[in-house]
Amino acid sequence: FIRYLAPENRTRPLAGLHAALSVEEVTIISAPDAVHRGWYAADADEPRPPAPSRPFPRPEWWHFRDCRPPRFVPLARRPRLGHFLNCGVRAFPRPRVTPERGASETGTYTLAWELTPDDDPDLRLKRFVLEESGDYDFADSTEVYAGAQTSQTFYGRGAGDYYYRVRAEFEIECDERTGATEIETGDWSNGAVVRVRASARWHVIDEADYDDADLLAVQRALARVCAARADMTAVLSLPAHYREDKSLEHAATLKHAATRGERVAARVPVFDGGEKSALSYCALYHPWLTGRDPFDVEKFRTSPPDGAACGMIAARTVARGAWIAPANEPLAGVVALAPPVSRERLLDLQLAQINVVRHEPRGFLALNADTLSADEELRELSVRRLLILLRRLALRDGATYVFEPNSPAFRRLVQRGFEAALDRLFARGAFAGATASSSYRVITDEGLNTPESVEEGRFIVELRVAPSQPLTFMTIRLVQTGDRGFVTEVTTSG
């Protein structure tokens, strides 16, 4: 409707995956972003303010109460000057901490502090002590710096809230005759908090909260677009956290085989009626692949398998043809699977028509290349790709015959043209028959092009082909008889 029927003020370019409808050279399509669990915005609230640090107990400030040491020493920032105090009693200044403004997104930030001592010639700064804590009340504080500097820079801190406080230590002369000194400590400064958060400020949705409704909708749309064009295949994948049972459930839901529990049975059918034929245009791959990060060779990256699968399908098509099954081909750069698939469940996944990337001695590869079609004749991805190739061939060559007179000579010309093209495909192994006549037929006779059809200006060409089927299993039997060994090959299909 948007492309052909909408009024001028409603027409617009197609967006998203539907833009592929107008790009004729596209033969493979995937949507790897759809299999991510999704993100939600991080909380924008401010960190909890730090709790004030309690003053240190100073019994010398309270000697006027009793000559004996008091059982309870009140905590105070300054002594009470209205009482008799020892001449050596003094109050120590507190530093003031100032962090960089705003939250840090890189994990690198600087704290600065300052100290304005009282006019006391006996006060000589010895050092500052900086403590860090993950709690607002400094319950688990640890010393992270001690020295005379008035600032400290931290690098590469992970996401979280970091609380800081500083105290100053002073060297006091306690005996003028001998010059002896002692260390006195001041109270803690004000508390400061620094929040480090990821640069994107987003969190991945938890596995328990994941809903695959959007993924199913995107994959359904991909299948519909491919079936509408009839010359494009969709490469699908699953979320990274899906294990074997979840993968089987998703494949069953896509195929509208609601046989795996209430969660699937309660769903609205994904495909219904004739739309199920669209599943022959879809191939499902799992699990995710881990390999070297192309932008940093010292790091690894885990990504959905559909990108690698698309590259493998394209490379196999260019090298050998669309009718060759894109399987049993090691994937370059893969070093691990996420999650690893239990070998005991490989057959279950394969029977569910999931193309499982597995770890074999030759490398990481998929040993099957199936579509999700319920039709056994269209189950092989190579069969669907061959039919797509034939459709494109018919459209390309058929366009040259438009406006030609519909005569017996013309029909024979068309038949010979298509037979020549199919001959070339037969010679390359695209068809199953032993001879050309048993592999394909091109029909243009009067039984198909009836007088009524000719009167309507129609010309019909029917191509009947027997696609070659990939070898599923090859059994090699080793037999030892006497002092000689024999190796026989027994080919079986599965």
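Glu462 is partly exposed in the predicted model, its relative accessible area being 25%. A salt bridge links this residue to Arg464, with 2.5 Å between the closest N and O atoms. Arg464 is likewise classed as partly exposed, at 44% relative accessibility. Elsewhere, Arg229, Asp231, Arg391 and Arg392 are joined into one network by salt bridges that share partners.

These interactions belong to a set of 20 salt bridges in the structure. Side chains of opposite charge can pair when their charged atoms come close. One such pair consists of Arg165 and Glu131, whose closest N and O atoms are 3.1 Å apart. Arg165 belongs to strand β8, which covers residues 160-175, and Glu131 to strand β5, which covers residues 124-133, so the salt bridge ties together parts separated by 34 residues in sequence. Arg165 has a relative accessibility of 12% and therefore counts as buried, the limit being under 20%. Glu131 is also buried, with a value of 13% for its relative accessible area.

A further salt bridge is formed by Glu456 and Arg458, with a separation of 3.7 Å between the closest N and O atoms. In this pair, Glu456 is exposed, at a relative accessible area of 57%, whereas Arg458 is partly exposed, at 45%. The Glu456 value lies in the exposed class because that class begins over 50%.

Strand β8 also contains Arg167. This residue is buried, with 14% relative accessible area. The side chain of Arg167 makes a polar contact of 3.0 Å with that of Thr185. When neighbours within four places in sequence are left aside, the contacts of Arg167 include Arg127, Phe128 and Val129, residues that fall within the range of strand β5 (residues 124-133). Thr185, Gly186, Asp187 and Trp188 are also in contact with Arg167, as are Phe56 and Pro95.

Internal space was examined next. Rolling a probe the size of a water molecule over the atoms shows where empty space is left. Two cavities of 30 Å³ or more are present in the structure. The largest cavity has a volume of about 40 Å³. Its lining is made up of Tyr242, Arg243, Glu244, Ser247, His286, Pro339, Pro340, Val341 and Leu349. By class, five of these lining residues are nonpolar, two are polar and two are charged. The charged residues of this lining are Arg243 and Glu244, and the polar ones are Ser247 and His286.

The second largest cavity likewise encloses about 40 Å³ of space. Ala31, Ala34, Val35, Leu215, Gln219, Leu222, Val235, Leu236, Ser237 and Asp306 form its lining. Helix α1 (213-229) and strand β12 (233-237) each contribute at least two residues to the lining of this cavity. Leu215, Gln219 and Leu222 fall within the range of α1, while Val235, Leu236 and Ser237 fall within that of β12. The lining of the second largest cavity comprises seven nonpolar, two polar and one charged residues. Asp306 is the charged member, and Gln219 and Ser237 are the polar ones.

Terms used. Residues numbered from 1 in each chain as written. Predicted model: local features only at pLDDT ≥ 70, side-chain atom pairs only at ≥ 80, totals over all residues. Heavy atoms only, no water. 1 Å grid on protein atoms, 1.4 Å probe; cavity = no way out; pocket = protein on both sides within 12 Å on 5 of 7 lines; lining within 4 Å. Points joined across faces, edges and corners; volume = space filled by probe spheres on them. Helix = DSSP H or I, 4+ residues; strand = E, 2+ residues; numbered from the N terminus. Salt bridge = Lys/Arg side-chain N within 4 Å of Asp/Glu carboxyl O. Buried < 20%, exposed > 50% of the residue type's maximum accessible area, 1.4 Å probe, protein only. Polar contact = N/O pair within 3.5 Å; in protein donor to acceptor, adjacent residues only side chain to side chain. Contact = heavy atoms within 4.5 Å.
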